[in-house]
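Please open the model in your viewer, with a selection tool at hand, and follow the stops below in order. Each stop says what to select and then what is there.

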Amino acid sequence: MARRYQIAFAASFIGTTLLLVVLTQFVKAKLHAAGYYVSDLILIGLDKKTRDHIDPATGEMADFTSGPYAQLIAVALAVVTSAWLYVKFGRGKRKPVLDPQVWKEFPLKEKIVVSPNTAIYRFALPHPDDVLGLPIGQHVSVSAEINGKDITRSYTPTSSDDDLGHFDLLVKAYEKGNISRYISLLKIGDKVRIKGPKGQFRYSPTLAREIGMIAGGTGITPMLQIIRAALKNPLDRTKLSLIYANVNPEDILLKKELDELASKHSHRFRVYYVLNNPPPNWDGGVGFVSKEHIEQHLPPTDKDIKILMCGPPPMITAMKKHLAELNYPAPRTISKLEDQVFCF
């Protein structure tokens with residue numbers, strides 16, 4: 001599809017250039033017939049001596065705007081301009097790497113430690129200008145053979161297709177976790193198997209007037225993906241509110257980035273933290289996310305708002321109860337994009 005657009009772009013540019021050359025020659029011929037010369041028109045106002053170039057063969061002023069040389073120069077300029085425009089605007093991104101039907105392997109190229117048990121794992125794509133091809137709000141499956149069994153888990157990359165040549169997974173390693181522990185033990189160059197995209201959710205700027213989010217632990221990843229996409233788009237006017245729950249202060253993942261986004265986009269994005277074990281002088285929520293927290297920090301139920309949730313199953317069960325008490329519609333067992341309350 002991208003190659004078709006590139007060919008159409010080149011053909012239209014060359015066609016336009018040829019049309020301009022023909023029209024130029026036609027206009028020049030008409031002007032010459034009327035006794036006017038383009039060089040005289042361009043240099044009008046200058047002393048004639050300063051603009052006369054005598055052709056030694058004929059003794060007449062040379063008109064460099066006509067003849068084969070002028071046409072050759074015009075064609076050369078057209079080719080150079082066309083090549084520059086093609087390089088600048090005509091080349092599309094490479095075909096997305098992901099295939100929902102095929103498992104593909106990607107090597108680990110970098111590990112960025114976020115907390116003692118959490119890191120961003122950056123995996124390389126085959127080419128530096130490749131894109132993963134993941135719609136905002138969707139996820140991938142990660143598979144590995146562990147103790148002779150194929151184990152699969154779902155993860156939402158925190159990167160987007162604006163990040164060429166790689167994708168990032170934010171993973172918290174658990175001692176008894178299967179895939180999370182497997183990923184945490186990877187060395188640079190080791191590969192993981194990925195398949196996707198998957199999921200019922202796909203974000204767009206016109207999806208809702210306002211989106212409320214409830215996340216727990218690594219459930220922040222789909223929320224962060226959506227928040228980044230929405231806030232970097234100058235045409236997106238969606239308002240975002242996030243309640244982010246954790247046990248201890250050090251468990252709050254990517255807090256610095258979230259705070260910076262909230263400060264930079266204060267008219268569109270707010271974040272409220274809830275901790276089970278808060279430090280002294282904590283100004284966020286304490287304990288578990290409550291009905292009052294939701295009522296105070298998320299948009300009230302309405303046809304043009306959405307509530308997104310991602311976190312441990314016990315937390316999601318409790319949130320469904322709070323939302324029902326606040327008259328939000330009950331989410332389906334498997335959420336759909338059109339649902340007002342969506343569970344990842």
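Begin by selecting strand β7 (residues 210-216) together with strand β8, which run parallel and are joined by 7 bridges; helices (H or I, at least four residues) and strands (E, at least two) are DSSP runs, numbered from the N terminus. Two strands are said to pair if DSSP finds at least two bridges between them.

Before going further, note that this is a predicted model, in which local features need pLDDT of at least 70 and side-chain atom pairs count only at pLDDT 80 or more, while totals for chains, interfaces and linings use all residues. Residues are numbered from 1 along each chain as its sequence is written, and side-chain values use heavy atoms, with hydrogens and water left out.

**Around strand β8**

Within the pair you have selected, pick out glycine 216, whose bridge partner in β8 is alanine 245. Now follow the chain from β7 through helix α6 (residues 220-231) to β8, a β-α-β crossover that is right-handed; this term applies if, with the strands pointing away from the viewer, the path from the first strand over the helix to the second runs clockwise.

Next, select strand β8 (residues 239-246) by itself: 7 of its 8 residues are buried, so β8 is largely enclosed by the rest of the structure. Here buried means under 20% relative accessible area, exposed means over 50%, and partly exposed lies in between, with a 1.4 Å probe and protein chains only.

Then add strand β9 (residues 269-275), which runs parallel to β8 and is joined to it by 7 bridges. Across this pairing, serine 241 stands opposite arginine 270 in β9. The chain crosses from β8 to β9 through helix α7 (residues 255-264), and this β-α-β crossover is right-handed.

To see the wider setting, select the 6 strands that form an open sheet with parallel pairing, in the order β10-β9-β8-β7-β11-β12. At the edges stand β10 (285-286) and β12 (341-343), each of which has a single partner strand, so one side of each is left without a neighbour in the sheet.

**The two sides of helix α7**

Which residues of α7 are buried? Select Leu258, Leu261 and Ala262, which are the buried residues of this helix. They cover an arc of only 100° around the axis, which puts them on the same side of α7; the arc is that of the directions from the helix axis to the C-beta atoms. Among the elements that cover these buried residues are α6, β8 and β9, where contact means heavy atoms within 4.5 Å. Turn to the face of α7 directed away from its buried side, and you will find the exposed residues Lys256, Ser263 and Lys264.

In the loop between β8 and α7, select leucine 254, whose phi is near 55°, a positive value in a residue other than glycine. At 16% relative accessibility, leucine 254 counts as buried.

**A stacked pair of rings**

Now select phenylalanine 123 and phenylalanine 167, whose ring centres are 5.4 Å apart and whose planes lie at 25°, so the pair is stacked. Rings of Phe, Tyr and Trp (its six-membered ring) pair if their centres lie within 6.5 Å, and planes under 30 degrees apart count as stacked, over 60 as edge-to-face and the rest as tilted. Phenylalanine 123 belongs to strand β2 (residues 118-124) and phenylalanine 167 to strand β5, so that distant parts of the chain, 44 residues apart, are linked by the pair. Both phenylalanine 123 and phenylalanine 167 are buried. Add Phe106 to the selection, and you have a cluster of Phe106, Phe123 and Phe167 linked by ring pairs.

**Strand β6 and its partners**

Select strand β1 (residues 104-115) and strand β6 (residues 191-198), which pair in the antiparallel sense over 4 bridges; here proline 107 has lysine 191 in β6 as its bridge partner. Strand β3 (residues 139-146) is also joined to β6 by 4 bridges and runs antiparallel to it, with serine 141 and lysine 195 as bridge partners. While β6 is selected, look at proline 197 in this strand, where a cis peptide bond, with omega about 0°, joins glycine 196 and proline 197.

**A last stop in a loop**

Finally, select asparagine 147 in the loop between β3 and β4. Asparagine 147 has a positive phi of about 55° although it is not a glycine, and at 79% relative accessibility it counts as exposed.
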